[in-house]
Amino acid sequence: MTKTQNTPAAQTATCTECGRILRSEASITRGTGPVCAARKTAATALSTAFKDPETAATKALQVIADKAIVRTRTQGQYLVVASHGDQSYLTDVEEGSCTCKAGARHGRCSHLLAANIIEITATRRTAIYALAA
Ligand SMILES: [Zn+2]
Ligand SMILES: [Zn+2]
């Protein structure tokens, strides 16, 4: 579906997070698509317990953007590949645990945050949308 627009002002706006083409007026104004906006909102809401919430939220969103986190067959359980790629961690949203150092020590880490963001935006998308509005 390619539509050529002749108006010089009509430019293709893309999501600043994932690079997808934005279609709705609201998304273009915001600069992010609905899923990325919901993830950002979730990241901000969930990272408040961290010592550095902004860094934690950014890290978690990066993990998702890198597709370094995958759902396992077990409900609420995710496998996260570490940034250097030679190690992976098991993150459990329901138990609130992660096998990485920070997760084991503090019970919170960017992996667990990423997994929670995915859970929330996948299962309660409408709620998050309402929250983001
Ligand atoms: Zn996006
Ligand atoms: Zn972790």
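**View 1. Q62 in helix α3 of the predicted model.** Q62 is partly exposed, with a relative accessible area of 42%. This model is predicted, and the residue shown lies in helix α3, which covers residues 53-65. The view also includes A114, which stands 52 residues from Q62 along the chain. The C-alpha atoms of Q62 and A114 are separated by 8.6 Å.

**View 2. The site of the zinc ion (ligand 1), with C15, C18 and C36 as donor residues.** Each of these cysteines coordinates the zinc ion (ligand 1) through its SG atom, at 2.2 to 2.3 Å. The sequence spacing of the donor residues is C-x2-C-x17-C. Within this set, C15 and C36 link distant parts of the chain, being 21 residues apart. C15 belongs to the segment before α1 (25-30), whereas C36 belongs to helix α2 (residues 34-46).

**View 3. Accessibility of the cysteines at the zinc ion (ligand 1).** C15 has a relative accessible area of 4% and is therefore buried, because the cut-off for burial is under 20%. C36 is buried as well as C15. C18 has a relative accessibility of 44% and so counts as partly exposed.

**View 4. Helix α2 and its buried residues.** Helix α2 consists of 13 residues. From the first C-alpha to the last, α2 reaches 18 Å, close to the 18 Å expected at 1.5 Å a residue. Buried residues in α2 include C36, A37 and A38, and A42 and A43 are buried in this helix too. C36 is also a donor to the zinc ion (ligand 1), through SG.

**View 5. The tetrahedral site of the zinc ion (ligand 2).** Coordination of the zinc ion (ligand 2) comes from the SG atoms of C98, C100 and C109 and from ND1 of H111. These contacts lie at 2.0 to 2.3 Å. The angles among the four donor atoms are 104 to 116°, and the site is tetrahedral. Along the sequence, the donor residues follow the spacing C-x1-C-x8-C-x1-H.

**View 6. Burial of C98 and C100 at the zinc ion (ligand 2).** Both residues provide SG donors to the zinc ion (ligand 2). C98 is buried because its relative accessible area is 6%. For C100 the relative accessible area is 6%, so this residue is buried. A disulfide is a covalent bond between the sulfur atoms of two cysteines; the structure holds zero disulfides.

Note on methods. Residues are numbered from 1 along each chain as its sequence is written. Chains are lettered from A and ligands numbered from 1 in the order in which they are written. This is a predicted model: local features need pLDDT of at least 70, side-chain atom pairs count only at pLDDT 80 or more; totals for chains, interfaces and linings use all residues. Side-chain values use heavy atoms; hydrogens and water are left out. A disulfide is a pair of cysteine sulfur atoms within 2.5 Å. Buried means under 20% relative accessible area, exposed over 50%, partly exposed in between (1.4 Å probe, protein chains only). Donors are N, O and S atoms within 2.8 Å of the metal (3.2 Å for Na, K and Ca); water is not among the atoms, so sites may look incomplete. Helices (H or I, at least four residues) and strands (E, at least two) are DSSP runs, numbered from the N terminus. The expected span of a helix is 1.5 Å times one less than its number of residues. Four donors count as tetrahedral if all angles lie between 85 and 135 degrees; four count as square planar and six as octahedral if opposite donors are over 155 degrees apart and all others between 65 and 115; anything else is irregular.
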